[in-house]
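Let's take a walk through this one, starting with the overall fold, moving on to the ligand, and ending with a few individual residues. Keep the 3D view open as you read.

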Amino acid sequence: MQIFERMTTRGHEELVFVHDRDAGLRAIIGVHSTVLGPALGGLRMWPYASEAEAVYDVMRLAEAMTYKAAAANLKLGGGKAVIIGDPHTDKTPELFRAMGRAVEKLGGRYITAEDIGTSVEDMEYLRQTTSYVTGTSRADGGSGDPSPTTAAGVEEGILACLEAVDGSMSLNGLRVAVQGVGHVGSILCRNLAAKGARLTVTDIHPERARQVADECGATVVEPDEIYDVAADVFAPCGFGFILDDETIPRLKCRIVAGGANNQLKDVERHGALLESRDILYAPDYVGNAGGLINMYYRDILGRPCDTEAWSPTGVYETMKQVLETARERKIPTFRAAHELATSRIEAARREQAART
Ligand code: NAD
């Protein structure tokens with residue numbers, strides 16, 4: 001990968017490679033943009049097959065955080081960090097303390113949080129060496145696990161889509177196929193089931209799918225079968241890059257709205273393919289912003305952490321705005337979301353330039 005070429009074309013500010021021999025830490029911090037504020041984004045721990053894969057992941061995720069914060073109208077930029085390692089076998093307190101020292105050195109340009117492979121407990125170790133960490137334990141006054149609020153926001157996004165497609169916002173009897181029932185997906189399932197939705201679920205860990213199915217009265221299918229399930233909504237809540245030339249033609253849904261980051265393998269191509277199939281796509285970074293919104297209000301602005309989920313999150317209003325813009329201007333929804341986010345970033349850039 002030509003790293004500088006990608007940094008230039010995608011507008012990344014900074015990419016930091018971190019090594020701590022004693023802690024066994026190999027990590028990359030990506031700061032995509034600090035135009036609107038400090039770059040807040042989660043810390044992912046994953047056994048990447050190659051360094052190039054880790055670099056690509058951190059850069060795409062950091063960029064998505066910039067648009068997520070801007071679309072949600074938060075005074076935050078976009079960043080992300082990855083630790084190369086297996087979260088099941090390679091975690092130690094010192095690994096996260098070393099990571100905290102690296103975050104601290106950036107002086108607040110990057111603020112970290114949980115992501116796939118990291119937990120509230122890991123954030124507590126980071127907190128020992130940096131103050132630039134969110135999503136720490138609620139017992140210590142932090143905002144805790146962002147997943148309940150992310151799931152609340154995903155539900156709001158689904159409601160905005162339903163309203164656009166059907167003119168109704170009833171979840172009762174709605175058929176929803178959920179891919180991935182981890183932190184976000186399992187809470188989303190419980191919330192939707194409580195409102196009468198009929199669920200089909202899958203997970204690459206079959207025991208997780210079975211447990212959620214038992215709790216929610218859902219049907220379980222094999223991971224590869226989820227794309228073929230006839231449903232009103234397909235909700236990707238696992239890993240990214242799952243909507244592509246092979247999977248989109250198989251979908252039998254009217255709406256794609258889920259919590260996963262980077263759902264489209266190629267944003268332009270696969271966003272257009274969904275559009276051509278008359279499937280309404282809820283732009284991922286608009287729909288899954290609930291956790292970030294929660295962290296912003298509670299950890300950055302210091303509002304009280306007195307309820308589990310910051311709800312309603314505001315995702316409904318932003319999604320509605322994006323869907324209306326797309327309809328009025330006859331443009332795909334991913335483009336309407338991108339224009340909303342970039343217009344705010346450009347306005348802030350112009351203001352900063354005028355001040356200097
Ligand atoms: P998680 O690791 O707790 O859960 C993901 C689940 O999806 C796991 O159970 C995994 O086995 C399953 N999975 C992954 N790929 C799958 C596939 N192809 N088929 C079936 N199952 C699959 O992660 P999470 O915190 O729930 O996050 C889920 C997604 O939402 C991720 O893309 C994450 O980046 C995004 N996200 C999470 C939050 C949050 O607050 N946790 C916020 C914003 C975005």
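**A walk through the fold and the ligand site**

The protein chain has twelve helices and twelve strands. Keep in mind that what you're looking at is a predicted model.

How does the chain's radius of gyration fit with that of a compact globule? For 356 residues, a compact globule would come out near 21 Å, and the protein chain has 19 Å, which agrees. If you prefer a box to a radius, the C-alpha atoms fill roughly 50 × 50 × 45 Å along the principal axes. Of the 356 residues, 55% are buried. The contacts tell you something about how the sequence folds back on itself: take those between residues at least 6 apart in sequence, and 65% of them join residues at least 24 apart. On the outside, the protein chain exposes about 15,400 Å², with 49% of that coming from carbon and sulfur atoms.

Now zoom in on the ligand. It has 23 residues around it, and the closest are Thr150, His183, Asp203, Arg208 and Gly238. Sorted by character, that shell holds seven nonpolar, eleven polar and five charged residues.

Which protein atoms sit by the nitrogen atoms of the ligand? Start with Ser147, where a polar side-chain atom lies 3.3 Å from a ligand nitrogen. The backbone plays a part here too: a polar backbone atom of Ile204 is 3.2 Å from a nitrogen atom of the ligand, and for a polar backbone atom of Phe239 the distance to a ligand nitrogen is 3.5 Å. As for how wrapped up the ligand is, on its own it has 820 Å² of accessible area, and the protein covers 88% of that. Two elements give two or more residues to the shell, namely helix H5 (147–166) and helix H6 (183–194).

Let's follow the chain around H5, beginning with the loop ahead of it. Ser137 sits in the loop between helix H4 (120–127) and H5. Is Ser137 buried or exposed? Its relative accessible area is 16%, so Ser137 counts as buried. Leaving out residues up to four places away in sequence, Ser137 touches Val120, Glu124 and Gly142.

On the other side of H5, look for Gly173, in the loop between H5 and strand E7 (175–179). Gly173 has a relative accessibility of 30%, so this glycine is classed as partly exposed. With sequence positions up to four away set aside, Gly173 touches Gly196, Ala197, Arg198 and Asp232. Lys195 is worth a look as well: Gly173 and Lys195 are 22 residues apart along the chain, while their C-alpha atoms are separated by 8.6 Å.

For the last stop, jump to helix H12 (residues 333–355), where you'll find Thr333. Thr333 has a relative accessible area of 6%, under the 20% cut-off, so it is buried. What does the side chain of Thr333 have for polar company? One of its polar atoms lies 2.6 Å from the backbone oxygen of Tyr281. Tyr281 also turns up among the residues that Thr333 touches, along with Glu275, Leu280, Pro283, Val322, Leu323 and Ala326, again not counting residues up to four places away in sequence.

Key. Residues numbered from 1 in each chain as written. Predicted model: local features only at pLDDT ≥ 70, side-chain atom pairs only at ≥ 80, totals over all residues. Heavy atoms only, no water. Near = heavy atom within 4 Å. Polar contact = N/O pair within 3.5 Å; in protein donor to acceptor, adjacent residues only side chain to side chain. Areas by Shrake-Rupley, 256 points an atom, 1.4 Å probe, with all protein chains shown as cover. Helix = DSSP H or I, 4+ residues; strand = E, 2+ residues; numbered from the N terminus. Nonpolar A, V, L, I, M, F, W, Y, C, P; charged D, E, K, R; others polar. Rg over C-alpha atoms; globule rule 2.2 N^0.38 Å. Buried < 20%, exposed > 50% of the residue type's maximum accessible area, 1.4 Å probe, protein only. Contact = heavy atoms within 4.5 Å.
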